[in-house]
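Colleague: I am new to this model and should be grateful for a close look at a single part of it. Please explain each term as it arises.

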Amino acid sequence: MKLYFKYVGMLLKSQMQYKASFIMTALGQFLVSFTAFLGVYFMFSRFHSVNGFALSEILICFSVMLMAFSVTECFVRGFDVFPRLIQSGNLDRILVRPRNEIFQVLTSNIDFSRVGRLLQSILMLAYAVPASGIVWTFDKIMTVVFMLMGGMAVFASLFVLYAGISFFTIEGLEFMNIFTDGSREFGKYPLSIYGEGVLKFFTYVIPIALFQYYPFLYLIDRSEDIGLIFLPLLGFVFMIPCYCFFRFGLRKYKSTGS
Amino acid sequence: MKKYLSFFKIRLIAGLQYRAAAWAGIATQFAWGGMTILMFWAFYHNGENSFPMTFPELSSYIWMQQSFLAMFMTWFYDNEIFENITSGNIAYELCRPCDIYAIWFTKNMAVRLSRMMLRCLPILLVAAFLPAPFNITLPSDWLSGVLFLVSVILGFLVLISFSMLIYISAFYTISPMGIRILATSVTEFFAGAIIPIPFFPEALQPIMYALPFASMQNAPFLIYTGHISGIDALQSIALQIFWFAALLAVGRLLMKRALRKVVVQGG
């Protein structure tokens with residue numbers, strides 16, 4: 001753990017060397033998600049509500065999703081650019097070192113410029129928490145905490161899965177984007193608005209709805225079921241198959257030789 | 001002219017080799033388009049009356065957007081060009097008896113076109129057979145079809161001449177990543193890639209239509225769907241010509257100034 005923080009410190013220092021570029025990139029990240037927010041905002045200024053959800057309620061959904069995504073993207077970035085590690089042969093260097101591979105991939109790349117996106121999600125949450133009219137009792141606060149934790153677990157698993165697949169394809173698989181970037185994009189709205197089929201898919205296949213939709217229903221008093229509070233924690237179960245797949249890929253791994 | 005044509009051909013053929021990547025791309029874009037339409041469908045159910053387009057128009061718009069994504073994607077920049085500038089390899093390119101602006105322009109066109117050619121047809125074909133109102137339909141008359149073709153080429157040229165400005169900015173900043181992401185997000189938003197321009201608040205729309213970004217994908221797709229027709233369509237095509245000429249002139253001017261001052265730092 002101490003070693004991890006040392007790595008974090010090192011990466012932070014090295015990224016701070018190009019301050020102007022760092023600030024511009026972070027600002028750009030902020031703008032990207034800010035325009036996404038404006039898109040939602042303009043839709044609501046025209047339609048006022050969707051499936052009975054008001055803007056302030058949707059923003060909770062949106063900010064939790066974005067926050068979980070940006071934190072994960074920042075710290076699990078190593079898996080996001082994993083195909084590059086394979087292509088460049090740098091993975092071979094990692095494998096011969098006497099440390100856990102997961103640890104080394106994690107510390108190979110941390111992208112602090114994602115702080116721009118994080119800032120956007122914090123602002124939205126700060127606005128939505130009072131505006132949504134939710135009475136913030138202890139269980140509601142815990143629900144949001146669990147939603148964030150579950151979200152990070154699911155996104156981290158997806159990145160690991162993505163890395164696992166790239167053992168076989170060498171190149172990054174564009175299709176995975178629909179699950180990572182796609183969930184961020186479409187998770188702006190509660191997944192139920194896309195219809196029954198989509199909701200089922202994102203419940204049983206890719207468990208995004210477990211932390212995004214069901215606990216959200218409890219938050220805004222659409223459901224009384226206490227069990228929904230703990231549902232996001234199932235996201236940690238999703239880590240197991242993804243991790244196993246990664247190990248499986250690692251065992252089959254042949255170096256590209258470059 | 002001939003040498004630029006061969007640059008174009010080399011890039012185009014190279015781009016056409018990535019077929020497996022194209023299939024993955026098609027699947028992704030199809031899912032993406034489908035989700036977007038479902039999202040709008042939910043809003044449509046909530047307030048049919050405040051929907052600024054008809055639903056078939058919107059479906060056509062989204063599917064056009066997905067099939068021509070490679071042509072109009074705002075986040076795509078040729079890393080080779082940036083690397084050439086930051087690494088100093090540009091010195092070699094300057095030695096060649098060609099116009100760098102024209103080379104970069106044709107390279108960009110070729111890469112985008114090759115990707116579009118591989119992806120466009122399968123998406124359009126499947127989208128055409130989806131149940132109404134989620135499918136893509138042909139333009140209502142042949143005239144809008146012709147206007148669309150003119151407009152889509154112009155939009156393409158406007159987009160590339162805009163992205164040339166971003167490439168040129170690398171001469172001045174050395175680290176172009178920041179500007180690139182800023183430009184991407186602004187373009188994406190004002191071009192109507194996040195939500196189509198008719199969905200913006202009425203007060204903002206006149207400004208948005210006048211900006212060069214609306215002359216990229218917005219104009220051809222709205223003409224295709226029939227949302228803009230007749231004299232309005234001609235007007236937006238005229239605006240596209242104007243923006244293309246303006247961006248081209250500015251780009252060439254900046255390029256000339258940058259090259260006069262370019263300092264290759266050894267190595």
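Modeller: What follows is an account of chain B, its helices and its meeting with chain A.

The model is predicted, so local features are given at pLDDT of at least 70 and side-chain atom pairs at pLDDT 80 or more, while totals for chains, interfaces and linings use all residues. Residues are numbered from 1 along each chain as its sequence is written, and chains are lettered from A and ligands numbered from 1 in the order in which they are written.

Chain B contains twelve helices and zero strands (helices are DSSP runs of H or I with at least four residues, strands are runs of E with at least two, and both are numbered from the N terminus). Chain A, by contrast, has 15 helices and two strands. The C-alpha trace of chain B spans about 65 × 40 × 35 Å along its principal axes. Its radius of gyration is 20 Å, which agrees with the value near 18 Å for a compact globule of 267 residues (the radius is taken over C-alpha atoms, and the globule rule is 2.2 Å times the number of residues to the power 0.38). Of those 267 residues, 42% count as buried (buried means 20 or more other C-beta atoms within 10 Å of a residue's own, exposed means 12 or fewer, and partly exposed lies in between, with C-beta atoms placed from the backbone). In chain B, 82% of the contacts between residues at least 6 apart in sequence join residues at least 24 apart (a contact requires C-beta atoms, placed from the backbone, within 7 Å of each other).

Helix α8 of chain B, residues 142-173, deserves attention. The largest nonpolar core has 134 residues, and V64(A), A68(A), F159(A) and V158(B) have the most contacts inside it (such a core is a set of buried Ala, Val, Leu, Ile, Met, Phe, Trp, Tyr and Cys residues joined through C-beta atoms within 7 Å). The helix that gives the most to this core is α8(B), with 15 residues. Beyond neighbours within four places in sequence, V158(B) is in contact with P212(B), S215(B), M216(B), Q240(B), W243(B), F244(B) and L247(B).

Helix α8(B) also packs against α7(B), residues 100-128: their axes come within 10 Å and cross at roughly 120° (axes are lines fitted to C-alpha atoms, for helices over the stretch in contact, and angles run from 0 to 180 degrees between N-to-C directions). The pair is therefore oblique (under 35 degrees counts as roughly parallel, over 145 as roughly antiparallel, 65 to 115 as roughly perpendicular, and the rest as oblique). From α7(B), the contact involves Y101(B), W104(B), F105(B), N108(B) and M109(B); from α8(B), it involves I160(B), S163(B), M164(B) and Y167(B). The loop between α7 and α8 of chain B holds P133(B), which is joined to A132(B) by a cis peptide bond with omega of about 0°. Most peptide bonds are trans.

Further along, Y209(B) belongs to helix α10, residues 205-210 of chain B. This residue counts as buried because it has 21 C-beta neighbours inside 10 Å. Not counting residues up to four places away in sequence, Y209(B) touches I197(B) and A214(B). P198(B) is eleven residues from Y209(B) in sequence, and the two lie 9.7 Å apart, C-alpha to C-alpha.

The last topic is the meeting of the chains. Here 29 residues of chain B are in contact with 34 residues of chain A. On the chain B side, α2 (19-46) and α9 (177-190) are the elements that give two or more residues, and α2(B) has the largest share, 13 residues. Helix α9(B) pairs with helix α2 of chain A, residues 19-47, their axes coming within 7 Å and crossing at roughly 10°. That angle makes α2(A) roughly parallel to α9(B). Among the residues making this contact are M24(A), L27(A), G28(A), L31(A) and V32(A) of α2(A), together with G178(B), I181(B), L182(B) and S185(B) of α9(B).

Technical notes
Contact = placed C-beta atoms within 7 Å.
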